[in-house]
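Ready for a few exercises? Have a look at the structure below, then work through each task before reading its solution.

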Amino acid sequence: MLNQVDLRGRDLTQTELAKALPRAELNIERALDAVLPIINAVRDAGAVALRDLAERFDGVRPEYLRVPQAALDQAEAELSADLREGLLMSIDHNRRGHEAQLPQPKETQIVPGGVVRQRWIPVKRVGLYVPGGLAVYPSSVIHNAVAAQVAGVETIALASPPQKEHGGLPHPTILAACKLLGITEVYAVGGAQAIAMFAYGARGEDIQRDGEVLCEPVDVVTGPGNIYVAAAKRAVHGIVGIDAEAGTTEIAIIADETARPEYVAADLVSQAEHDPCAASVLITHSLDLVSRVEEALEQQIVQTKHSQRVRTALSGPQSGVVITSDLGQSVQVANAYGAEHLEIHTAQARDVAQKIHNAGAIFVGAFSPVPLGDYMAGSNHVLPTGGTARFAAGLNVMAFIKPVQEIEYTREAMSGLYPALAAIAVDEDLPAHAHSLEVRINDQL
């Protein structure tokens, strides 16, 4: 079922490795061509365009673009006891995990009388996107919102696609999660149009009413989505901040002969059930493990609910087995691949984890499967995909915080730096820079 890439005996560069590995062919430029008219329509026509686009892409023309408070209240009231407990536990674990990320302010004395203070200031307003698609993701509500709340963001807006079967509102579990988190500004808007709404804002339906606003622009947009959401985020980056271009899910697993094939197979399946385009990649030097994982996959696929979706994902070009010469080459492959989720099923898994420098999140050992991170581990599941883990990080409180330096010097401390500063300013042919200090030094207060 899984395509095989045999790298044994091949000494490849990182670039050559990256080309040889299983990877979905995502044409972000083509997706940009598709989303730019959508973005322009929302920017120009606001709510009118949002309703038209919902009808086109979601099959429903929502009565309410902004979800009424009564719908949020009803969704929360109708939660089952078990699901409520699970969501509250996830919120608590994520809050604790993200609180550990908060940076602390610091004051540094550069010279006597001259200090630089490092402050961390949260952005004022954020837009959080939660996909709808083939599954319901209240967990993405939690992972987006908790990080923003812990960071101290003042205003949070959230968008999720309208659902035809729910009267043009987002799925009730999405709404219930919003209510549990105290988020009241929720929009029934999906896809690239939601990203555009957050970036540019959107005026209301009645364009004759001057100043009527449906949604105010935000400072930062975060959240996962398909390639069109990722393309839209790229298109508006610079108008707003974004977290990363988080697209369709992917998992890579480094495994050796000590790995349990049933565990490996279960984890490959768990990510494949997200989407037919999901990527599941096994990296191993054990041929015996490969055959045993294949057997376990056949047994598990027929028993899982979304068997056809899983089989499509596992047999696609984005999934496969990479056969390596040894564990060292497996690590090299993992770093070249830069997986969104990387599991390590080896002896001395923690030591192997220390050799990884390209991954969205690293799951260490046999009892740390990716679904823990999806829901309960206390980590964030909004992670970079498509190899962007080489330079991008998973969603965290820093996505919502700006580092700002405060500089405060006394007259004496400033004066003491004048000769050195003036020498540099004159050399750069910027004498007015030196003069800004001179005028203070010569001022007889």
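**Exercise 1.** Find out which residues tyrosine 129 touches, not counting residues up to four places away in sequence.

*Solution.* Keep in mind that you're working with a predicted model. Start at tyrosine 129 and skip its sequence neighbours up to four places away; what it touches is then Asn144, Ala159, Pro161, Val189, Gly190, Gly191, Ala194, Ile195, Thr222, Gly223, Pro224 and Val229. Next, zoom in on glycine 191: its backbone nitrogen is reached by the side chain of tyrosine 129 at 2.7 Å. Finally, place the tyrosine in the fold: Tyr129 belongs to strand S4, which covers residues 125–129.

**Exercise 2.** Decide whether tyrosine 129 is buried or exposed.

*Solution.* Take the relative accessibility of tyrosine 129, which is 4%. The cut-off for buried is under 20%, so tyrosine 129 counts as buried.

**Exercise 3.** Place glutamine 193 in its helix and list its contacts beyond four places in sequence.

*Solution.* First, look at helix H8, residues 191–200: that's where glutamine 193 sits. Then leave aside neighbours within four places in sequence, and you get contacts with Ile38, Val42, Leu50, Leu53, Ala54, Phe57 and Asp58. Glutamine 193 is buried too, because its relative accessible area is 4%.

**Exercise 4.** Work out which residues UniProt lists for "binding site", and how they sit in space.

*Solution.* The unreviewed UniProt entry gives Tyr129, Gln193 and Asn226 under "binding site". They spread over 98 residues of sequence, yet they cluster in space, with a largest C-alpha distance of 12.7 Å. Now check the largest pocket: its lining takes in Tyr129, Gln193 and Asn226.

Notes: Residues numbered from 1 in each chain as written. Predicted model: local features only at pLDDT ≥ 70, side-chain atom pairs only at ≥ 80, totals over all residues. Heavy atoms only, no water. UniProt positions renumbered as here; feature names shortened; annotations may be inferred. 1 Å grid on protein atoms, 1.4 Å probe; cavity = no way out; pocket = protein on both sides within 12 Å on 5 of 7 lines; lining within 4 Å. Helix = DSSP H or I, 4+ residues; strand = E, 2+ residues; numbered from the N terminus. Buried < 20%, exposed > 50% of the residue type's maximum accessible area, 1.4 Å probe, protein only. Contact = heavy atoms within 4.5 Å. Polar contact = N/O pair within 3.5 Å; in protein donor to acceptor, adjacent residues only side chain to side chain.
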